[in-house]
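Student: Please pick one part of this structure and take me through it slowly. I'm new here, so explain the terms as you go.

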Amino acid sequence: MIVQPAEHSGDAAFVILQNDHTAFAGQLVRHFGNDRFAPLEPAELVTSLVEWHDEGWTDLDKRFLADPDTGLPYNLASTPMSELLPTAELTPTLGEARHPFIGLLSSMHSCGLFNGRYGLEDAALSDKLPPPARKRVDALLTAEGERQERLRAELLADSTTAHLVDDTLVLRTYKALEFFDIFSLYMQCEHPSRHQETVMRHVPVDVEPAHDVTITVTPLGHGSYRVSPYPFDIEPFMPATTGRYLSPQPSGTDLRALWSAADSAEQRVHLCA
């Protein structure tokens with residue numbers, strides 16, 4: 001899950017389940033595309049992919065494992081590797097059950113977390129890990145590589161899905177998925193009062209990699225952001241994240257019970273060109 005730091009020390013943090021993180025991303029994908037940005041195809045599969053791109057976290061989130069350093073559930077980035085790696089395997093397994101194309105791209109997303117997003121980032125997380133963790137990650141990358149080859153062959157063997165393994169289509173879909181994920185994480189992982197201008201590279205305009213653009217997101221205050229170039233089909237666009245507020249708790253507190261008793265809350269952002 002994502003634990004967004006409070007604006008002031010000691011205040012309640014905004015806690016977001018991974019499925020609520022991906023629901024926000026799903027709002028983005030449903031409105032992606034305009035006169036400049038070509039719509040994503042096949043729309044139904046891509047939308048489902050984005051809406052469920054972290055589905056493997058569902059059971060882990062339900063456990064509400066406490067971080068002893070914060071008195072809150074483990075944040076995404078601080079989740080122990082022993083808990084994180086199974087989600088990276090389970091997500092593409094669940095995606096594959098939905099559709100081989102979703103499984104293929106889900107697998108790429110899981111691998112991209114460790115291999116520098118297939119060259120879209122300058123450094124790979126796996127290179128910075130200690131040897132025991134690196135060994136487990138390497139095993140994951142090998143297994144997911146085999147999964148991807150199997151799913152590509154399955155798609156190619158069916159005349160109705162063979163077009164889905166076109167390299168330009170797969171790469172564009174992957175880059176779009178990463179954009180929706182990174183955009184969502186930018187909005188959710190830090191308190192809005194501390195947001196700084198950021199850039200998101202390799203956002204696909206169409207299937208031609210040479211046409212990719214860098215999108216700049218500029219905070220304007222009070223939950224408003226300028227997005228340039230603007231990739232959505234409505235303006236202003238006001239997607240929302242659902243979560244609940246939790247305060248740091250002593251060791252041994254049942255965080256799941258506190259979460260269940262807390263009121264649902266919403267953070268809405270205002271996006272403009």
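Tutor: First, a word we'll lean on: contact means that heavy atoms come within 4.5 Å. This is a predicted model, where local features need pLDDT of at least 70 and side-chain atom pairs count only at pLDDT 80 or more, while totals for chains, interfaces and linings use all residues. Residues are numbered from 1 along each chain as its sequence is written, and side-chain values use heavy atoms, with hydrogens and water left out.

Let's start with His 270. Ignoring neighbours within four places in sequence, His 270 is in contact with Gly 223, Ser 224, Tyr 225, Pro 236, Phe 237 and Met 238. Take Pro 236: 34 residues separate it from His 270 in sequence, but their C-alpha atoms are 6.5 Å apart in space. His 270 is partly exposed, because its relative accessibility is 27%; buried means under 20% relative accessible area, exposed over 50%, and partly exposed in between (1.4 Å probe, protein chains only).

Ser 224 has 17% relative accessible area, so it counts as buried. Besides His 270, Ser 224 touches Thr 218 and Pro 219, again leaving out residues up to four places away in sequence.

Now for the strands around them. Helices (H or I, at least four residues) and strands (E, at least two) are DSSP runs, numbered from the N terminus. Ser 224 sits in strand E7, and His 270 belongs to strand E10. Two strands pair if DSSP finds at least two bridges between them. E7 (residues 224-228) and E10 run parallel, joined by three bridges, and Arg 226 faces Cys 272 of E10.

Step back and you'll find an open sheet of four strands in the order E5-E6-E7-E10, with mixed pairing. E5 (198-203) and E10 (270-272) are at the edges with a single partner strand each, so one side of each has no neighbour in the sheet. From one strand to the next, the twist averages 25 degrees. Angles here run from 0 to 180 degrees between N-to-C directions, with axes being lines fitted to C-alpha atoms, for helices over the stretch in contact. Helix H8 lies across E5, E6 (213-221), E7 and E10, at about 165 degrees to E5.

H8 also leads us to another sheet: it lies across E1, E2 and E8, running at about 45 degrees to E1. Those strands belong to an open sheet of four, ordered E1-E2-E8-E9, with antiparallel pairing. E1 and E9 (265-268) are the edge strands, each pairing on one side only. Three bridges join E1 to E2, which run antiparallel, and Val 3 has Val 15 in E2 as its bridge partner. Helix H1 packs on this sheet, touching E1, E2 and E8, and its direction makes about 155 degrees with that of E8.

H1 covers residues 18-30. Its buried residues are Gln 18, His 21, Thr 22, Phe 24, Ala 25, Gly 26, Leu 28 and Val 29, and what covers them includes E1, E2, H2, H3, H8 and E8. H1 and H2 pack with their axes 7 Å apart, at an angle of about 155 degrees. That makes H1 roughly antiparallel to H2: angles under 35 degrees count as roughly parallel, over 145 as roughly antiparallel, 65 to 115 as roughly perpendicular and the rest as oblique. Where they touch, Thr 22, Ala 25, Gly 26, Val 29 and Arg 30 in H1 meet Val 46, Thr 47, Val 50 and Glu 51 in H2.

Key. Expected span 1.5 Å × (residues − 1).
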